[in-house]
Structure formats: structure tokens, C-alpha cells
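Please examine the sequence and the three-dimensional structure shown below. The paragraphs after them explain how the parts are arranged.

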Number of protein chains: 2
Amino acid sequence: MTEFDTVVTSADKVFTSLRKEIVEGDVGAGAKLSEAELSTKYGVSRAVVREAINRLVSINIVERKANVGARVVSLTLQGLVELYQVREALEGMAARLAAQNMTDLEVKALQSLIDSHSDKVVDGQRYYQEAGDVDFHYQIAKGSHNQYLFYMLTNSIYHLVRMYRVQLGMAGPRVSTAYAEHKHIVQAIGNRDQELAEMLMRRHILYSRNNIERKLEESQ
Amino acid sequence: MTEFDTVVTSADKVFTSLRKEIVEGDVGAGAKLSEAELSTKYGVSRAVVREAINRLVSINIVERKANVGARVVSLTLQGLVELYQVREALEGMAARLAAQNMTDLEVKALQSLIDSHSDKVVDGQRYYQEAGDVDFHYQIAKGSHNQYLFYMLTNSIYHLVRMYRVQLGMAGPRVSTAYAEHKHIVQAIGNRDQELAEMLMRRHILYSRNNIERKLEESQ
DNA sequence: AGGTCTAGTATTGTCGACAATAAAAATCCA
DNA sequence: TGGATTTTTATTGTCGACAATACTAGACCT
């Protein structure tokens, strides 16, 4: 009766569940994914586990070697750098397109989002929760009005980014300064300044990368 | 005995074959992919066809609806624009990174490539073959020394781009001016000018988009 | 006749079993 | 004893059959 009741197959469920476990670190980086094992764990046939794993491969969270098996990707400095370079390119474009294509209503929603999420104020500085950061980037990706771009960011890149952040224990260090950066980006978008919006977003991601990079280096 | 004899499974073969047929237009845009039909055609079980189709989905060449089936994506102006926006972002970054990371040897190879591929000279202008364009972009993607970025471009985006070009009959119009643009990009990379390399590459792709966009509009 | 409901059909989703491959263990030979 | 070779074992790749779902066509009601 509902208009868009998206059909969910069991492979979908296993895929979503596994993705969460991997991203949240319950299944560690580099861990092996045994088809037989998982099929008993989830109470489904190997075929659906296989399909779920293949989808994890397609979003670059898992690697598979023929006749050998699938492993969760391992976190490396090189991998982190590459990921953030791609992210910088794509989110920079997203910000540019958001400045161009967002409706006035969407801009307003973005502004109120950023205000509402600056909850805690300590020492005169506003502190973010991570959820705020996620929502912010999500809305801009959506505001690009580019489905393809939105799809790439939300289905693959954000999960990989979160995997790095979670497993390196980035609970919320840099979040204080992130707020100011977010605010400037929103201003640029509000002014329909595509050039500036892209530039600020790229800087923002670069800073974020430097921060997490430091963490990764000291943990090795 | 060979060092890297990559194992090829039958799903790989079906995937590669289907991808070619789709990109080259032998299987038209919007066409339905019946699992049963394809399994008899290729002489394999439905399972391997299914896996191949799933991989085509992950490349964004095919769409699948649960319990309904898979169809080749249809070519639309909107889709083209979105694709080229993503491409502009990624290849711009690739050019920037190439300027930063390519070895002197790689730069040399790129320069000689561009010279060798300017075969035909008509009316004092050099004309490209399409293969030259492909090789050019491929080498820059590789020269970024970013595996992740390289993977995205060569496994998904380039195929989609080619699909649009082939099915719209872009044999080789704009190729004359493309040569000059390529040459400038190579110069910027040779000078290790990241900023300029990125900017020129983005322009180059923008021009290319305008060209193909015109073609799509008049064909509808 | 128009629309709704029902039965039939075709296609996809899921399953368990078998075949093929690769890693591990055991054997053989210098 | 050390290293290559064979055998074993465990895991993935492939298959055909069955179950579940969505589209189609027909019956039924008002």
C-alpha cells in the first residue's frame, strides 16, 4: 500500500549487516570472511553470503582472490591517503554543485542543521558530535543534485572513511575547528559561490586527512 | 610458471564479454538481461550469469530491481552530465597527482605517446585516433600513483564514457582540438605544475562534455 | 463497460550438492 | 636432514532444482 516499499532481499540484509560489522570494527581489518561460516551464522545459503560478499567487494571494503577467499581490506597509510585524495575531489565537486543547484529551501535546511548540531559549547567553542559531521556531508552530497556522485559518496566512500575513523579511535578530536569550517562552507553555498565552496570543502577534507593521518602514523 | 597468471573464473569471462557487448552497443541501452537466456547463450549456469550481472551493476552499466530483473542503463542527458561532472573531478585530481607523482620516465613516456599518436596530419592540423585519447587518459590515471583512483576510472567511468560515445556515434569529431589540449596538459605535468595540470584537465573534459552533449540533444 | 479480484505464467531469489582449485600435511628421495 | 613431491583437506566455483515474487490474462461483480 505504501508508495515506495523497497523490496529487501536476504542478500541485502546480510550485506548491510556485514558492512556494519566491518565498518564498526567488530570484524577487524584483514579478517577472513568464510562463506560457510557466515552462512551458518546468518542462517542462509552460501549463495546469498557470496552475493553479499561480492557487494562488499564492489564498495571496496573487502578484497577477494579467486579460489582463495575474501578478506576485509587492511588499513594502511597509503590507502588512507588515496581514499582522501578521491574524497577531496568528489566532495569538492559536490560542494561546487550544491552551491549551484541547491534550492533555497535546501540551503535553509543546511543552515539550520549546522546550527542545531553545534550543541555543546565549552570554553566559548562549539563542539560537534560525529553525527553532525555525517549529516552535514550527506546533505551537501544530496544537494549536488547529482545522483551518481551522491551514490559514490554514500555507498562506498563514506563507509570507508568511517571505517578508518572508527578503527583508529577518532571519537571527536578535531571536531571543534571542524564546526567553523563547516560554517564557512555553508556561507559560500548560501552565496552561490561555487568556486569558494569547492575550495573550502577541499581544504576541510585536507585538514581532516592530516589529522587522521597523524593518528595512523603513531599507531604503527 | 608465469609470475602473475591471474586466475580467470567463468563469471569473469561472462562479465567481460557482456561489458564489451553493452559498451559497444551490441546490447542496446535499456535492454533487458534475462538470466536464463544468457545462461544458455554462454553455456554456463544461471549462478555465474547472476554474478556477472551483479558486477555489471557495480560498474553502473546495469540496473537491477529485486524480483524483476536487470536492464542496461538508459542514456539520458541528465546521466551524461552527472557522469562528466564526476569524471571532471576525478580526472582533474588524477592530473594533479600525476604532476606530483609521475617519475621522469613516466613523463617521458607520456610525451612520446602523445607525439606518436598524432599520426594523421590534414590541413596542417594533427588528427587523433580514439585509441590515442584512451591511452592518454589511461596513462595519466596510472601516473597518479593512486590505485583507488585508477581503479575507479578504469573499471567504471571509462566504460560508461565509452558507452555514451559509441552509442552516440562519436567516431572522432573534436579530436583535432583535443590534441592541442592534451599537449598542454602534458606540458603542465612535465613542469610539475599541479594546479595548472588539474585546471587544464578539467577544462578538457568540460569541452568534451559540451561536444557530446550537443550530439545527444540533437539525437532526441 | 469499467474496474477489481483471482488464477496462471514467467522470472528471479534461494538452496543443497558436486566439481575444481589452492593451501596444508605427509611422504619420498638425495 | 632438507627439499621437492605427492596426498590430503578445506574452501571456493559451479550447477540444477525448488521457492517466492511480480507481471499477465481471464473471470467476476456492479
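The account begins with conventions and then turns to the two copies, the DNA strands and one helix.

This is a predicted model, in which local features need pLDDT of at least 70 and side-chain atom pairs count only at pLDDT 80 or more, whereas totals for chains, interfaces and linings use all residues. Residues are numbered from 1 along each chain as its sequence is written, chains are lettered from A and ligands numbered from 1 in the order in which they are written, and side-chain values use heavy atoms, without hydrogens or water.

A turn of 180° with a shift of 0.0 Å along the axis lays chain A on chain B with an RMSD of 0.0 Å, the superposition being by least squares on the C-alpha atoms of residues with pLDDT of at least 70 in both. The two copies are thus related as by a two-fold rotation axis. In chain A, the C-alpha of A:Ala89 is nearest the axis, at 2.6 Å. Because 100% of the interface residues of chain A are also interface residues in chain B, the copies meet through the same surface.

DNA strand C is surrounded by 22 residues, the closest being A:Thr9, A:Ser10, A:Ser45, B:Arg46 and B:Arg50; a residue is near a strand if one of its heavy atoms lies within 4 Å of it. Of the strand C atoms within 4 Å of the protein, 74% belong to sugar or phosphate and the rest to bases. The side chain of A:Thr9 places an N or O atom 2.6 Å from a phosphate oxygen of this strand, and a polar backbone atom of A:Ser45 lies 2.7 Å from a phosphate oxygen. B:Arg46, by contrast, has a polar side-chain atom 2.8 Å from a base nitrogen of DNA strand C. Helix 3 of chain A gives the most to the surface near this strand, with three residues; helices (H or I, at least four residues) are DSSP runs numbered from the N terminus.

Around DNA strand D there are also 22 residues, and the closest are A:Arg46, A:Arg50, B:Thr9, B:Ser10 and B:Ser45. An N or O atom in the side chain of B:Thr9 is 2.6 Å from a phosphate oxygen of DNA strand D. Here helix 3 of chain B makes the largest contribution to the nearby surface, three residues.

Away from these contacts, helix 6 of chain A (residues 130-143) has buried residues A:Gly132, A:Phe136, A:His137, A:Ile140, A:Ala141 and A:Gly143, where buried means under 20% relative accessible area (1.4 Å probe, protein chains only). Just after this helix, A:His145 takes a positive phi of about 60°.

Terms used
Buried < 20%, exposed > 50% of the residue type's maximum accessible area, 1.4 Å probe, protein only. Helix = DSSP H or I, 4+ residues; strand = E, 2+ residues; numbered from the N terminus. Contact = heavy atoms within 4.5 Å. Polar contact = N/O pair within 3.5 Å; in protein donor to acceptor, adjacent residues only side chain to side chain.
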